[in-house]
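Colleague: Please take one part of this model, a single sheet, and walk me through it slowly, from its strands to the residues packed around it. I would also like to know where that part sits within the rest of the chain.

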Amino acid sequence: MAVEQNRRDFLGMAFGGVAAVGGVFALGAMKQTWDPLPSVQAAGFTTVDLSPMKPGEFRTIEWRKKPIFILKKDSNMEKNGNRDVVVDGSEYTVVIGLCTHLGCIPAWKPNEQKFHCACHGGDFDVSGVNTFGPPPRPMDIPPFKIEGSKLVLGEEGPEYDKLVGNA
Ligand code: FES
């Protein structure tokens, strides 16, 4: 009986904990699983070396507590001159990985070549542009600067200004 009671208590705590910190936990788990790229964090800047990424590869890193999606486009993926971040001659999708509807974290679906938000069924294409469901606009591009094969998140370089129309 005592054992059963403890087990119930434990399950209750576990579910409570998941509900309370679900978002943070999910982000932490993603970072651990999907962040093998060396990154340097200082004063809100995160430097990511893109050179190890292969065409079609998708990564999530964390920047200022937000998930950042990085997708290296392969030759089959549609290019988007208004949104692609070009580093060393390769196009990348670099977006803040939060749905523009109500802020859930969409999932990259490689087989369907899209990002899908499970909260209300929103879809985004390979460039992070909303294509279906309630999201009202594309996923946001974080401020970035390019240094050789590295992406510096948190600083607005000329490539960023050009993409977001500040040039
Ligand atoms: S939060 Fe993504 S579709 Fe609603």
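**A close look at one sheet**

Modeller: The sheet I would choose is an open one of four strands, which follow the order β3-β4-β6-β5 with antiparallel pairing. At its edges stand β3 (58-63) and β5 (85-87), each of which pairs on one side only. Strands here are DSSP runs of E with at least two residues, helices are runs of H or I with at least four, and both are numbered from the N terminus; two strands pair if DSSP finds at least two bridges between them. On average, and with direction ignored, neighbouring strands of this sheet are turned by 30 degrees against each other, where the axes are lines fitted to C-alpha atoms (for helices over the stretch in contact) and angles between N-to-C directions run from 0 to 180 degrees.

Before going further, please note that this is a predicted model, in which local features need pLDDT of at least 70 and side-chain atom pairs count only at pLDDT 80 or more, while totals for chains, interfaces and linings use all residues. Residues are numbered from 1 along each chain as its sequence is written.

Starting from one edge, β3 and β4 are joined in the antiparallel sense by six bridges, and F58 stands opposite L71 in β4. The two strands form a hairpin with two residues between them, and R64 in that turn has a positive phi of about 45 degrees. Further across the sheet, β4 and β6 pair over five bridges, again in the antiparallel sense. Here L71 has T93 in β6 as its bridge partner, and I70 stands opposite V94, also in β6. At the other edge, three bridges join β5 to the antiparallel strand β6 (residues 90-96), and V86 is partnered there by E91 of β6. The hairpin of β5 and β6 also has two residues between its strands, and D88 in this hairpin takes a positive phi near 55 degrees.

The two strands β4 and β6 can be described in similar terms of burial. A residue counts as buried if 20 or more other C-beta atoms lie within 10 Å of its own, as exposed if 12 or fewer do, and as partly exposed in between, with C-beta atoms placed from the backbone. By this count β4 is mostly covered, with five of its seven residues buried, and β6 likewise has five of its seven residues buried. In contrast, G89, which lies in the loop between β5 and β6, is exposed because its C-beta position has 5 others within 10 Å. The C-alpha atoms of G89 and S149 are separated by 9.8 Å, although these residues are 60 places apart along the chain.

The sheet also contributes to the largest nonpolar core, a nonpolar core being a set of buried Ala, Val, Leu, Ile, Met, Phe, Trp, Tyr and Cys residues joined through C-beta atoms within 7 Å. This core has 22 residues, of which I68, I70, Y92, V94, F144, L151 and L153 touch the most other members. At least two residues come from each of β3, β4 (66-72), β5, β6 and β12 (150-153), and β4 gives the most, with four. Y92 deserves a separate word: leaving aside residues up to four places away in sequence, Y92 touches L50, I70, L71, K72, K73, D84, V85 and V87, a contact meaning that two C-beta atoms, placed from the backbone, lie within 7 Å.

As for the surroundings, the protein chain has two helices and twelve strands, arranged along the sequence as α-β-β-β-β-β-β-β-β-β-β-β-β-α. Buried residues account for 25% of its 167 residues, and among contacts between residues at least 6 apart in sequence, 44% join residues at least 24 apart. Another open sheet of four strands runs in the order β7-β8-β9-β10, with antiparallel pairing. Its edges are β7 and β10 (130-132), each with a single partner strand, so one side of each has no neighbour in the sheet. Within it, β8 and β9 (residues 122-124) pair over three antiparallel bridges, and F115 has F124 in β9 as its bridge partner. In the loop between β7 (107-109) and β8 (114-117) lies Q113, which touches M77 and V126 when residues up to four places away in sequence are not counted.
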